[in-house]
Amino acid sequence: MKSFVIPFALALAATTTSMVVVSGAAIAGPTFTGVEGANVAVSGYDVTSYFSGSGVPVKGSKAHRVSYKGADYYFANASNADKFKSSPAQFAPQYGGHCAWAMSRGSLAPGDPLLSKVVDGKLYLNFNRNVQKTWLSDIPGFISKANTEWPKIPDTAKFGG
């Protein structure tokens with residue numbers, strides 16, 4: 001069996017508040033929410049902020065939390081949460097928030113929310129700056145490969161196991 005495990009240390013904190021659940025179609029592979037049991041996608045960054053044109057992602061708040069495909073997404077304000085609820089697939093990161101370059105190789109690695117790029121209206125994350133530099137050298141090629149590999153990743157794939 002192919003190994004999908006890349007060890008690393010990334011802790012996310014999650015607390016309990018009320019949330020909205022957005023249903024979504026079944027997807028291949030898990031949503032990356034950290035390795036310490038937290039259920040927060042994209043390290044709590046507001047995924048709609050990546051599409052604002054500023055190029056700077058904004059941290060969200062648990063007060064504006066939306067659950068989508070098994071993960072909690074945080075938003076900076078209610079308006080951004082509403083945008084996401086109306087079209088979550090438009091804003092959610094590709095490959096469940098895992099590193100786009102690693103996915104092109106058929107592996108899971110955490111996506112760093114500060115190493116991102118929006119390409120053709122889709123959000124992609126990378127593991128670190130070196131990986132991002134490689135990924136930027138052939139974005140269309142790596143996306144094509146990753147799109148082939150992502151459906152092969154089981155929903156139950158986990159880090160560290």
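**A look inside a predicted protein chain**

Lys85 and Asp82 sit together in helix α1, 3 residues apart, about one turn of the helix. Helices here are DSSP runs of H or I with at least four residues, strands are DSSP runs of E with at least two, and both are numbered from the N terminus. The whole structure is a predicted model, in which local features need pLDDT of at least 70 and side-chain atom pairs count only at pLDDT 80 or more, while totals for chains, interfaces and linings use all residues. Residues are numbered from 1 along each chain as its sequence is written, and side-chain values use heavy atoms, with hydrogens and water left out.

The two helix residues are joined by a salt bridge, with the closest N and O atoms of Lys85 and Asp82 3.2 Å apart. A salt bridge means a side-chain nitrogen of Lys or Arg within 4 Å of a carboxyl oxygen of Asp or Glu. Side chains of opposite charge can pair when their charged atoms come close. Lys85 is partly exposed because its relative accessibility is 30%, and Asp82 is partly exposed at 43% relative accessibility. The terms rest on relative accessible area: buried is under 20%, exposed is over 50%, and partly exposed is in between, using a 1.4 Å probe and protein chains only.

Across the whole structure, a search finds 3 salt bridges. Another of them links Arg65 with Asp72, where the closest N and O atoms are 3.3 Å apart. Both Arg65 and Asp72 are buried. Lys152 and Glu149 also meet in a salt bridge, at 3.5 Å from N to O; Glu149 counts as buried, with 15% relative accessibility.

Stepping back to the overall layout, the protein chain contains 5 helices and 7 strands. Read from the N terminus, the elements follow the order β-β-β-β-β-α-α-α-β-β-α-α. Of the 161 residues in the protein chain, 46% are buried. Contacts, meaning heavy atoms within 4.5 Å, often span long stretches of sequence: among those with a separation of 6 or more, 64% join residues 24 or more positions apart. The accessible surface of the protein chain is about 8,000 Å², and 54% of that belongs to carbon and sulfur atoms. These areas come from the Shrake-Rupley method with a 1.4 Å probe, and for residues only the protein chains shown count as cover.

What is the nearest side chain of opposite charge to Asp46? That side chain is Lys83, 7.5 Å away, and Asp46 is buried yet has no salt bridge. Lys and Arg count as positive here and Asp and Glu as negative, while His and the chain ends are not counted. Asp46 belongs to strand β2 (residues 45-46). Its side chain makes a polar contact with the side chain of Thr48 at 2.5 Å, and a polar atom of the Asp46 side chain lies 2.9 Å from the backbone nitrogen of Ala76. A polar contact is a pair of N or O atoms within 3.5 Å; within protein, one must be able to donate a hydrogen and the other to accept it, and residues adjacent in sequence count only if both atoms are side-chain atoms. Leaving out residues up to four places away in sequence, Asp46 touches several residues, including Val58, Tyr74 and Asn80.

The aromatic rings make a picture of their own, with 8 aromatic pairs counted. One of these is Tyr68 with Phe84, an edge-to-face pair at 5.5 Å centre to centre and 90° between the planes. Rings of Phe, Tyr and Trp (its six-membered ring) pair if their centres lie within 6.5 Å; planes under 30 degrees apart are stacked, over 60 edge-to-face, and the rest tilted. This pair links distant parts of the chain, with Tyr68 in strand β4 (residues 61-68) and Phe84 in helix α1 (residues 78-86), 16 residues apart. Phe84 also pairs with Phe75, in a tilted arrangement at 5.0 Å centre to centre and 40° between the planes. Tyr68, Tyr73, Phe75 and Phe84 form one aromatic cluster.

Towards the end of the chain's elements comes helix α5 (residues 139-149), where the buried residues are Ile139, Gly141, Phe142, Ile143, Ala146 and Glu149. They pack against α3 (100-104), β6, β7 (122-126) and α4 (129-136). At the start of α5, a side-chain oxygen of Asp138 comes within 3.1 Å of the backbone nitrogen of Gly141.
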